[in-house]
Amino acid sequence: MIDNFGRDINYLRVSVTQRCNLRCVYCGTEIPDAKEISANDISKIVSAFAKCGITKVRLTGGEPLVRKDIVDITKKISNIDGIKKIAITTNGVLLSDYAKPLQDAGISVVNISLDSLNRERYKKITGFDLLPTVLESIDVAEKVGMKIRVNTVLIKGENEDEAEDILNLAKDRKIDVRFIELMPFSDTGSNEKLIVTGDELIKKFDFLEKIDTGNSNFEKSVARYYKAEGFKGRIGFINPISDKFCDGCNRIRLLSDGKIRPCLGYDSSVDIMPFIDDEEKLTQEIEKIILSKPNGHSFNCEYGNFHAMNKIGG
């Protein structure tokens, strides 16, 4: 479906929970006993979105694998007419057990959040000593044949010195490594001075050569991809702060409580649960929401205006 700014909105991010088994410093605090809509309701909503032109779905959280019915959710979505691709974003802690069942259910791509390869530093950032578990999960996902992307948020004074080590994950394995700029989604105040921009990294790694991903490729709207001689994987940079990509944004978000958020960085959401049992009205309401998608995000607004990252799915 084309929105009011000429963008083809074909990508839905579904936050299935705000619960998480890590406590990353930049993510936010979850609300105890927060509402989570059922697998059946998720399926109904995604079906309505498919009627509005959505073809790709990504499951997010919180940590989506803490939901015991995550495989069932995936199966239901994979059976919806019009949905061509399903992906998932995870911290990798539980992925070794879920990789094969998720792949069998329809997941083709897995994004794994990994902000440090140093065990003590990983524990400091996430609150848990689970780096070996995550690295094992990457091995398992690779073995079952999933397409793997490692997502890294670099923070000045915290882990920026690991950029090259993390980048080298793409050297000997067909893994895409993507550096994402720190966004203002915590309750700790301004983090502007902590951001490591994509341009800083590209300048540092001057051996990278930009890849043209094509005009119709989803990746073009969110990441600039590069290749390097001798590397099997790609290096990507997602720069929502220093280089807004709003004019090419093709996504919309379903939150775990049944609200729709048209833009990650814009404090607006609409509750569609009153329409959940009326497919026609549900579809009509979703069409209205897509048309209400703002022209661009406003990450530079006052802190406290946004929900924490774990509540909106990143």
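Student: What share of the contacts in the protein chain with a separation of 6 or more comes from residues 24 or more positions apart?

Tutor: Heads-up: this is a predicted model, with residues numbered from 1 along each chain as its sequence is written. Local features need pLDDT of at least 70 and side-chain atom pairs count only at pLDDT 80 or more, while totals for chains, interfaces and linings use all residues; side-chain values use heavy atoms, with hydrogens and water left out. Contact means heavy atoms within 4.5 Å. Among contacts with a separation of 6 or more, the share from residues 24 or more positions apart is 73%.

Student: And how much of the protein chain counts as buried?

Tutor: Buried means under 20% relative accessible area, exposed means over 50%, and partly exposed is in between (1.4 Å probe, protein chains only). The protein chain has 314 residues, and the part that counts as buried is 54%.

Student: How many helices and strands are there?

Tutor: Both are DSSP runs numbered from the N terminus: helices are H or I with at least four residues, strands are E with at least two. For the protein chain, that gives 9 helices and 12 strands.

Student: Which helix gives the most to the largest nonpolar core?

Tutor: A nonpolar core is a set of buried Ala, Val, Leu, Ile, Met, Phe, Trp, Tyr and Cys residues joined through side-chain atoms within 4.5 Å. The largest one has 88 residues, and Ile45, Leu59, Leu102 and Phe179 have the most contacts inside it. With 7 residues spread over 39-51, the biggest giver is helix α1.

Student: What does Ile45 touch?

Tutor: Ile45 is one of the residues with the most contacts inside that core. Leaving out residues up to four places away in sequence, its partners are Ile37, Leu254, Ile272, Met273, Ile276, Leu282 and Ile286.

Student: Why is strand β2 called mostly covered, and how many of its residues are buried?

Tutor: Look at which way the residues of β2 point: Lys56, Arg58 and Thr60 go one way, Val57 and Leu59 the other, and all are buried. Thr60, for one, has a relative accessible area of 2%. The strand covers residues 56-60, and the buried count is 5 of 5.

Student: Which strands does β2 join through bridges, and in which sense, parallel or antiparallel?

Tutor: Two strands pair if DSSP finds at least two bridges between them. Strand β1 (residues 11-15) shares 5 bridges with β2, and Arg13 has Arg58 as its bridge partner. On to β3 (residues 85-90): 4 bridges join it to β2, with Lys56 standing opposite Lys85. So the partners are β1 and β3, and both pairings are parallel.

Student: Which peptide bond is cis?

Tutor: Start from Thr60, which sits in strand β2. Gly62 lies in the loop between β2 and α2 (70-78). With omega at about 10°, the cis bond joins Gly61 and Gly62.

Student: Which residue stands opposite Thr152 in β6?

Tutor: Thr152 belongs to β5 (residues 147-153), where 6 of the 7 residues are buried, so the strand is largely enclosed by the rest of the structure. Strand β4 (residues 107-113) runs parallel to β5 over 5 bridges, with Ile112 opposite Val150. Strand β6 (residues 175-180) also runs parallel to β5, over 6 bridges. There, the residue opposite Thr152 is Phe179.

Student: What is the angle between the planes of Phe207 and Phe231?

Tutor: Rings of Phe, Tyr and Trp (its six-membered ring) pair if their centres lie within 6.5 Å; planes under 30 degrees apart are stacked, over 60 edge-to-face, and the rest tilted. That rule gives 4 aromatic pairs. Phe207 and Phe231 form a tilted one, 6.4 Å centre to centre, with planes at 35°.

Student: Phe207 and Phe231: which is buried and which is partly exposed?

Tutor: The pair links distant parts of the chain, 24 residues apart. Phe207 has a relative accessible area of 40%, making it partly exposed. At 15%, the buried one is Phe231.

Student: Which ring does Arg234 lie over?

Tutor: A charge sits over a ring if NZ of Lys or CZ of Arg is within 6 Å of the ring centre and within 35 degrees of the ring normal. Lys56 does this over Tyr11, at 4.7 Å from the ring centre. For Arg234, at 3.9 Å, the ring is that of Tyr225.
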